[in-house]
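Got your viewer open? Let's take a short walk through this one, selecting a piece at a time.

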Amino acid sequence: MNYDLIAPCHFGLEACTKKEIQRLGYEIREVSDGRVTFSGDELAVCRSNIFLRTAERILLLAGSFEARTWDELFEKTKALPWEAFIPLEGRVWVAKASSVKSKLFSPKDFQTIIQKAIVSRLQAAYHMEGQRLPMDGADYALRVFAFKDRITIGIDTSGESLHKRGYRRLTAKAPITETLAAALLMLTPWREDRPLVDPFCGSGTFCIEAAMMAADRAPGMNRNFSATAWENLIPKQLWYQAYDEAYDRADRVDLEALRKKTDIQGFDIDGEIVEAARANARAAGVEELIHFQRRDVAQLSHPKKYGFIITNPPYGERISEKEELPALYQTLGERYRALSDWSLYVITAYEEAEKQLGRKADKNRKIYNGMMKTYFYSYFGKKPPKREEGEAAGGEE
Ligand SMILES: C[S@@+](CC[C@H](N)C(=O)[O-])C[C@H]1O[C@@H](n2cnc3c(N)ncnc32)[C@H](O)[C@@H]1O
């Protein structure tokens, strides 16, 4: 059966998620702020959960309709064929409701009214009128969005958010999410044969995400999802097929050859966090592809050309840190300029970053990291010369 599947993602980075979905072979239905909707069957539910690096979760669209009163919400919710999605013992509840530019607003009322409507529909469908539904089976958590009075109800197939790949057991104070790190890497022209350094690596997120991409390791290959238990909708066989595909792809990579080709390094001034980054890389199965070391950004250097710095420096979470920011960003700028033909990508909420780095960025994107407004500054380096004879060398990235 074909469903509409919704992939919520970071605001401003929808294009990355769209491209990933297309690469998996699915047709895009709609792209809106923070959301990409695509069309896919049961196997698509499994594959999108396992393979997408930039989506926050995958929702299965149960229905979408206009409602301006709570009565209308109740009736139109009840009219949806819930028994086609939720078995008798399924545990159904509204996990999150949000509303923008709509008459109906209160998340609490969305929760109770939608819940009541679904229970009433299921009681009738399962001939349980007047009785409690068992609600002791698999989870069918709902996410509800209201936008300009159009209500969309999605059933969460992921469970824990997809940024929880399972490898990050220990984190730095302000870690970047795995999904955001992956999307930012995808915005750069970095490829596995080019050096990549994160001089403020913290728990190692950028380095680990980059190594996982290089090694073709699917982000969800070592975890399960809510919909793994949906035996009424998704035969177990399809999950095995999708996990097998992920393991086959990873197995096909010659790790020894990749280790020679890649040069991914993470540095941090905090020795304990460097240890944590190593442990995280080990848990992600990419330890051999990354060199982590305790090092101050002032000591940043690299002998090769055409590399990439991708980093998330401190941005003044603590007051004491704020005073150190100008010097820290100046040092990063100086160390970057000392490298030959490198590119620099910095995500930060520090408003003076560009000024202190010492040069206007070639590109600057505003990105919301949760509720926090951050900037992603790009400084383009040069492309390495093409290897084939007779082709032009160099050029901007
Ligand atoms: C915002 S955190 C980076 C978080 C990281 N992206 C992650 O996902 O875990 C900034 C990191 O910069 C490190 N740091 C602070 N001053 C430094 C310096 N002078 N040189 C190198 N690292 C430094 C901190 O120890 C901290 O781990």
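Start by colouring the two domains: in this predicted model, the centres of domain 1 and domain 2, taken over C-alpha atoms, are 33 Å apart. For domain 1, select residues 3-156; for domain 2, take 178-216 + 232-379.

Now look at where they meet. Domain 1 puts 18 residues into the contact, and domain 2 puts in 19. Which helix gives the largest share of domain 1's side? Select residues 42-51: that's helix 2, and it supplies 7 residues. Try colouring the domain 1 side by residue type, and you should get 11 nonpolar, 3 polar and 4 charged residues.

Next stop, the inside. The largest nonpolar core has 106 residues, and the members that touch the most others are Leu5, Ala7 and Ala211. Pick out helix 6, residues 205-214, which gives the most to this core: 7 residues. Both domains join in, since at least three core residues come from each of domain 1 and domain 2.

Zoom in on Leu5. What does Leu5 touch, leaving out residues up to four places away in sequence? Show Phe38, Gly40, Ala44, Val45 and Ser48, then add Ile58, Leu59 and Leu60.

Last, click on the ligand and show the 20 residues around it. The ones that come nearest are Pro175, Phe200, Gly202, Ser203 and Thr205. Colour that shell by type as well: 12 of its residues are nonpolar, 5 are polar and 3 are charged.

Key
Residues numbered from 1 in each chain as written. Predicted model: local features only at pLDDT ≥ 70, side-chain atom pairs only at ≥ 80, totals over all residues. Core = buried A, V, L, I, M, F, W, Y, C linked by C-beta atoms within 7 Å. Buried ≥ 20, exposed ≤ 12 C-beta atoms within 10 Å, placed from the backbone. Helix = DSSP H or I, 4+ residues; strand = E, 2+ residues; numbered from the N terminus. Domains from an automatic or database assignment. Contact = placed C-beta atoms within 7 Å. Near = placed C-beta within 6 Å. Nonpolar A, V, L, I, M, F, W, Y, C, P; charged D, E, K, R; others polar.
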